[in-house]
Amino acid sequence: MLAAYGINGGLGLEPSAGTGVFQETKPKGMVMQAAELSDTSGRINQLLHPEDNVSITPFEDLARITPDNTFDHCVGNVPFGSSRGGYAERDPAYKNESLAGYFVLRPIDKVKPGGLITLIVPNGLTHNSGDKKLRERVSRKAEFLGAHRLPSGTFANNGTATVVDVWVLRKHTEELAERIEAGEDAILREANVLWDTFINGKWFDREGKKFIHGTMSIEGKDKFARMVVKADGQVTQASIKSALARRFESRINWNLLALSEPVIPSVGEGEKKLINGVWNEFIGGRWLVDDNANYAALDDVAYGAKNYDDLRSRVSTSEGILTLNMAQLENIVKRFPDVFPQEYQSTIRFAMSQKPAMRERVLRGSVIGARIRIIQDKIATGYNAESLDLELADLQKQVGEEVRRSGNPHHGKSAALKGEGAANWLKFKASVTKDGQLTALITGTLEAGTAKTHDATDHEQVLRHLFNQIDLDPIELSAFREAFEGELPESDSELLNLLAQKDGIAVQPDGTLIPMDRATSGDIGALNSALMGALAGTPDGAIKDNYQKQLAEIRARRKWTKIDDIDFSLNSRWFDRRLVMEFLHENGYEDVKYIQNVDVKNGALVSENGYSGRDGIFTGYRYKTVQQRDKESGKSTFVYKRVRNQDGFLDQFENYLNGVKPRGPLANTYLEKIGRLEEEFNTWVRQHDDIKKLVQDYNDAFNAFIPFSHSEESLNLKGVSGARIPFSYQNAEVRRLSEDGRGINAFGTGVGKTTTALALEAYNFENGRSKRTAIVVPKAVYQNWYYEAQEFYSPDALASMLFVGLDEVKGEDGSIQQVPVLDEKGEQFINPNTGQATYRNAVSVSSADTIKERMNMIPMSNYRTVIMTKEQFSAIPLRPETVENHAREVLFAEADAGRVNLSGTKHRDAQKKNSILAKASNTGSTKKKSFHISKTCFSTV
């Protein structure tokens, strides 16, 4: 469509980009600034369109920090729905705007005068009388050039099968905008700026009739009426593509206004533009990076720097960033988003996402928190002590000045910040005590050696210490009393009331205690129900307030699907299906019954109708009680049996209600009829008295899990050397994997997977979770694991570890020989701290016989850890019953999926079962029969 107007490139806007469907069709000279709310879709978009700047953020954030008249053009899709959720507050200028209004009007603001805005909109925006005011507001910002109405289902693969329209708008020039602002409505209507045909919703009744691509009709009646546009085989994708490429001409009477028609922005050969912070030159229809560009002359007031090099230098440190005011930072984020060091980019994005009143304080604190994290990691890696002392002294000054400037971070609204992106803010907050004093780390008085892990007189810290032991069980009051070293009320009821008033403590309905962040994360469905049930019988006071606080935390943190986004299917099993029966009875299906199970006596169904629950059975059409004459005795008896209805739909419909799709030649016809019923059901159920409970049931069924972020605090390992201390993010990963008992560590190259794995083994062993661990590694890095283990563990811990395939090379005196460590150039590595050459143990690959001997030593020894190669591990055979049980589980899973008939008696059925069992029994490698894996006594692999 853009090409029809001579647009060959420029900077485009996509406000709701998804995975980038529209970006696929952009002119090759177009670079897009796209916003996408979904993390998954946004990341896919980034991978597919690396040349574009795809921000995983609400459009509100992008619109707020982007000046008007920035983009050359816009293409987009107005999201379906009615609510903007909590994102409306992020763009205060439009916080009260509807979803459709926002995604139509706000993009127009951001496009340059004369620029095109092409939007896919719900068809009602073009003709509904209720949207007349919106169409007039659009007309005051841009000219409606025309619209296309596409066939039903055109965008079915992208989430909607309804009829949609494609609007083509052109933003008004500044001169025309001034005339409109002056209120010259009479001449504006005469000149077709305020064009009645568009504003009154008559475009497709008049000039736009020929742009309806198919046969348009209304199906259904009254509240069930819906628009349908059928292609009927006459309108093809090719013909639609050709029609969309047609150029709409302006109908504004420019002579009457004494104005010139605007020129649509385009890009000329050799034109230069700053795109995503980098100067590009338009050459041969494409934007290419201008290697000769310089960034001289920046507005010092707007950016806090006189040129790009000065700016880059200033934002390279926390001190430099803190010299900038919020307006300057917003300008820099917009124009030079990549100029900030990586460690500060997420921090700045998090701060920018806060409410305006909190934004500057959160940003400053988070930047300092990022610096604290860097210094902590330097301490952990044995960084030069003298340099660290200087950095700590400067950090102490920085934190102190910030506390004096903005106050104690434990006070005010920002004190409650948490969740994704808040890590650095929480680091800063933790650097100051609740009474406003700087902590020992900041003041440089942190004592070396083993520190006490918690304050035994702090209620919350004692609870967290008890809970964070390996079992993560709720804490009884008796255990809390035993661990607490301060004064406590003698009465348990008084103690519960006291603890219920502490911010970080959640009192459970059974009287146990859990840290608040743990109580309000994980699978919260059962807890939510328990709290709701306990509220009614709990008198007003601290405990009831604590219950309500937990519920409020859960509501704030959990994903909540609103009624407009819930699809009620007649065969869904997440709600009480009596509602389906009630609906069907009201719509002429009186014979439908809903029962718990089929109970037949004397040939009659005696099951109680109107069962309350989600797991019942619908009946009434396929099976009935009929009178049947016995052929031998001639007597008539009543039998409950399968009957065939004249209307085949009823049989298939009952099947559908019970989870079986219609089959046979009329299956599609039946599905269409069921689809219409389900549309009516969705309308009916939204008016039902139980709708609030249904919304709650849906969210309890599908949105009942809140992810928990694990602690980054020290693991307090004992059997380690101290030469290699896990970083904070590694501590969190160790706790996650240990608590889950399984999982994948997806750290990137060089981020420390080996250290994390060794720390996980030590953590599990020291906490009693694992008695013996097998560590399986690729052969190529086997020796590296040996050397890293030597550096990580204490000598006592190493003595209880076995490297199956490595021998330590010893000299004549029995001591392990030492070999020099080489650097990347193959030269001897010199320790920068000591100035001495570095040496390490000499090792060699063990012989096959030695490996076999050690493999057989495993089940007869007390090694706590066995490290072996993948090839050695894969040679261990599984027990036959383990293989058989696994194969049968696969077979049953295939049967549940309908891929094999377990009760089938045909040769083909048997052949398919045997094929599945054979494939699932294949362990994938050649085994050695010396022993079975259970005899190795591995509790963790």
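In the predicted model, the largest nonpolar core comprises 60 residues, and V138, W167, L176 and L257 have the most contacts inside it. Helix α3 (residues 99-110) supplies the largest share of this core, namely seven residues. Apart from residues up to four places away in sequence, L176 touches L188, V193, I252, W254, L257 and L259. A second core, separate from the first, contains 43 residues, among them L298, V339, I368 and I375. In soluble globular proteins, nonpolar side chains tend to be buried together.

Aromatic side chains were examined next. The count of aromatic pairs comes to 38. One of these pairs is formed by Y94 and Y102 in an edge-to-face arrangement, with 5.9 Å centre to centre and 80 degrees between the planes. Both Y94 and Y102 are buried. W203 and F248 likewise form an edge-to-face pair, for which the centre-to-centre distance is 6.1 Å and the angle between the planes is 75 degrees. This pair links distant parts of the chain, its members being 45 residues apart. W203 lies in the loop between α8 (196-199) and β8 (215-219), whereas F248 lies in the loop between α9 (237-244) and α10 (254-257). The relative accessible area of W203 is 2%, so this residue is classed as buried; F248, with a relative accessible area of 6%, is buried as well. W203 and F248 also belong to a cluster linked by ring pairs, which includes F144, W167, W195, F198, F204 and F211. Within this cluster, W167 is also one of the residues with the most contacts inside the largest nonpolar core.

Helix α26 (residues 578-586) provides an example of local packing. Its buried residues are L579, V580, M581, F583 and L584. The elements that cover these buried residues include two strands, β16 (593-595) and β19 (617-619), together with the helices α27 (648-657), α28 (667-685) and α29 (691-702). After α26 comes G588, which has a positive phi near 95 degrees.

Further along the chain, an open sheet consists of three strands in the order β23-β29-β24, and the pairing is parallel. Because β23 (773-777) and β24 (801-803) stand at the edges and each has a single partner strand, one side of each is left without a neighbour in the sheet. From one strand to the next, the twist averages 15 degrees. Strands of a sheet pair through backbone hydrogen bonds, either parallel or antiparallel. Between β23 and β29 (residues 865-869), the parallel pairing extends over five bridges, and V777 has T869 of β29 as its bridge partner. Helix α32 (residues 782-792) lies across β23, β24 and β29, and runs at about 155 degrees to β24.

The surroundings of one residue in this sheet were considered in detail. T773 is located in strand β23, and its relative accessibility is 6%, so T773 counts as buried. The side chain of T773 is joined to that of S770 by a polar contact of 3.0 Å. When residues up to four places away in sequence are not counted, T773 touches E761, R864, T865, V866, F938 and T940. Of these, T865 and V866 fall within the residue range of β29 (865-869), the strand with which β23 pairs.

Technical notes: Residues are numbered from 1 along each chain as its sequence is written. This is a predicted model: local features need pLDDT of at least 70, side-chain atom pairs count only at pLDDT 80 or more; totals for chains, interfaces and linings use all residues. Side-chain values use heavy atoms; hydrogens and water are left out. Two strands pair if DSSP finds at least two bridges between them. Helices (H or I, at least four residues) and strands (E, at least two) are DSSP runs, numbered from the N terminus. Axes are lines fitted to C-alpha atoms, for helices over the stretch in contact, and angles run from 0 to 180 degrees between N-to-C directions. Contact means heavy atoms within 4.5 Å. Buried means under 20% relative accessible area, exposed over 50%, partly exposed in between (1.4 Å probe, protein chains only). A polar contact is a pair of N or O atoms within 3.5 Å; within protein, one must be able to donate a hydrogen and the other to accept it, and residues adjacent in sequence count only if both atoms are side-chain atoms. A nonpolar core is a set of buried Ala, Val, Leu, Ile, Met, Phe, Trp, Tyr and Cys residues joined through side-chain atoms within 4.5 Å. Rings of Phe, Tyr and Trp (its six-membered ring) pair if their centres lie within 6.5 Å; planes under 30 degrees apart count as stacked, over 60 as edge-to-face and the rest as tilted.
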